[in-house]
Amino acid sequence: MDSFEFMSPTEFILQKDADKLCGEKIKRISDVCLFVHYGDGFTYKTGLHARITESLEMAGVEYYELPGVEPNPKVKLVRKGIEICKEKKVGCILAVGGGSVIDTAKAIGIGAGYDGDVWDFYSKKAAPTESIPVGTVMTLPATGSEGSNGSVLKNDQTGESADVMADCIRPVFTLMNPELTMTIPKRQTIFGIVDMFSHVMERYFSSSVEVNLTDYMCEGVMKSIIVNARTLMTDLTDYNARAELMWTSIVAHNGLLATGRNQDWATHTMGAQLSAQYNAVHGSTLSVLFPCWAEYVYKENLPRFVQFANRVFDVDLDFYNQEKTAKEGIRRLREFFEWMGAPTCLSQIGVENDEKFKMMAETACRFGDIGGIKALNARDVEEIYKMAQ
Ligand code: NZQ
Ligand code: ZN
């Protein structure tokens, strides 16, 4: 086990009607709030917008709205939110939505107290040290942004996708009402499941040794995701499975499962290029790339892939042919994604030719080689994109 530092200061509440607590939670922090959301779409159709504004009004919170967050959120809207915060002296930001809304709110939180442009944090020109507190009403279990120290944005001018990682952007509270997730369409539900499963794999595929606690935790989380996915694929309105996945999204990505071990993250870095260039949905990039990545790197740490096959996908151990066991585990991973209906090759997500592979691979490796199990350079990454065609 390696040394580690870990903090998770977020208050998590899971209960029916949890969203209605947002007014009182914010009032304890500030009288003035910025309410960030998608805008047109499910937020209004389901009555959630009215529930949130009523809660804010009942608590006597003065609020300003920033609608219009899109999937793969853009820095342009963040700048608009920062202006509102400065002008109205906003003391708390409320994000109502999934990863794109929460990441937008986090970016506004760090940008509002900074004299330069907020993109400086994403281009690594500056590091954030403080933020306006962000609270969330999470509606889409997937990214885990509601408990994580990360925010991912796209620069509308350059087309670049980049992230910020800092403990000061972890939400102060996250309110989870599982009933709000009943309206998530099947396709989006599947992408959320793929994303949280991938967050565990990015940590599980580690070269750290003697990490039994986090190994068993990761394996347990992955197995429970499979069980709840099976339930939801037959009944999208199963309350218990929805509730479990809501909490799983956070457990998978708040950093607990990475304590004392190194991590990989090559697949997320490669996937971000597909989202930046083709506007591909985040989860879809992972269901396509993860099995290909595994096929490319498994020989670097055969015992770990054998353990994954055996403990997560119940593959019988073949002591005489460990490679066969490892490959069967990867096959079952791909089969699990396909069984749900997730894409597993690039043509299924609208990437029909390889003209951008080289450029995307170079951009993915712009800060150096990527990945923990095997350090991948731009040539390796290009190869993995080709395997995914
Ligand atoms: O358009 P509407 O109808 O409003 O639909 C929304 C939205 O467009 C819909 N939705 C959300 N909750 C719903 C719902 N529909 C019905 N019922 C509900 N309860 O979902 C659509 C997509 O939302 P989005 O927020 O884009 O999805 P997701 O949560 O998957 O977020 C993806 C973003 O998060 C980043 C990704 O890169 C991507 O930009 N990530 C953030 C991370 C972090 N901050 O820690 C880690 C992740 O690995 C990821 O990179
Ligand atoms: Zn992810």
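**Exercise 1. Find which residues form the aromatic cluster, then classify two of its ring pairs.**

Step 1. Phe197, Tyr204, Phe205, Phe290, Trp293, Phe305, Phe308, Phe313, Phe336 and Phe337 form one cluster in this predicted model. Rings of Phe, Tyr and Trp (its six-membered ring) pair if their centres lie within 6.5 Å; planes under 30 degrees apart are stacked, over 60 edge-to-face, the rest tilted. The whole structure holds 18 aromatic pairs.

Step 2. Take Phe290 and Trp293. Their ring centres are 5.4 Å apart and their planes stand at 85 degrees, so this pair is edge-to-face. Both residues are buried (under 20% relative accessible area; exposed is over 50%, partly exposed in between; 1.4 Å probe, protein chains only).

Step 3. Take Phe336 and Phe337. Centres 5.9 Å apart and planes at 35 degrees make the pair tilted. Phe336 and Phe337 are both buried.

**Exercise 2. Name the protein donors of the zinc ion (ligand 2) and their spacing.**

Step 1. Donors are N, O and S atoms within 2.8 Å of the metal (3.2 Å for Na, K and Ca); water is not among the atoms, so sites may look incomplete. Here they are Asp195 (OD), His199 (NE2), His268 (NE2) and His282 (NE2), at 2.0 to 2.2 Å.

Step 2. Along the chain, the spacing reads D-x3-H-x68-H-x13-H.

Step 3. Check burial. Asp195 has 1% relative accessibility and counts as buried. His268, at 13%, is buried too.

**Conventions.** Residues are numbered from 1 along each chain as written, chains are lettered from A and ligands numbered from 1 in written order. Local features need pLDDT of at least 70, side-chain atom pairs count only at pLDDT 80 or more, totals for chains, interfaces and linings use all residues, and side-chain values use heavy atoms, without hydrogens and water.
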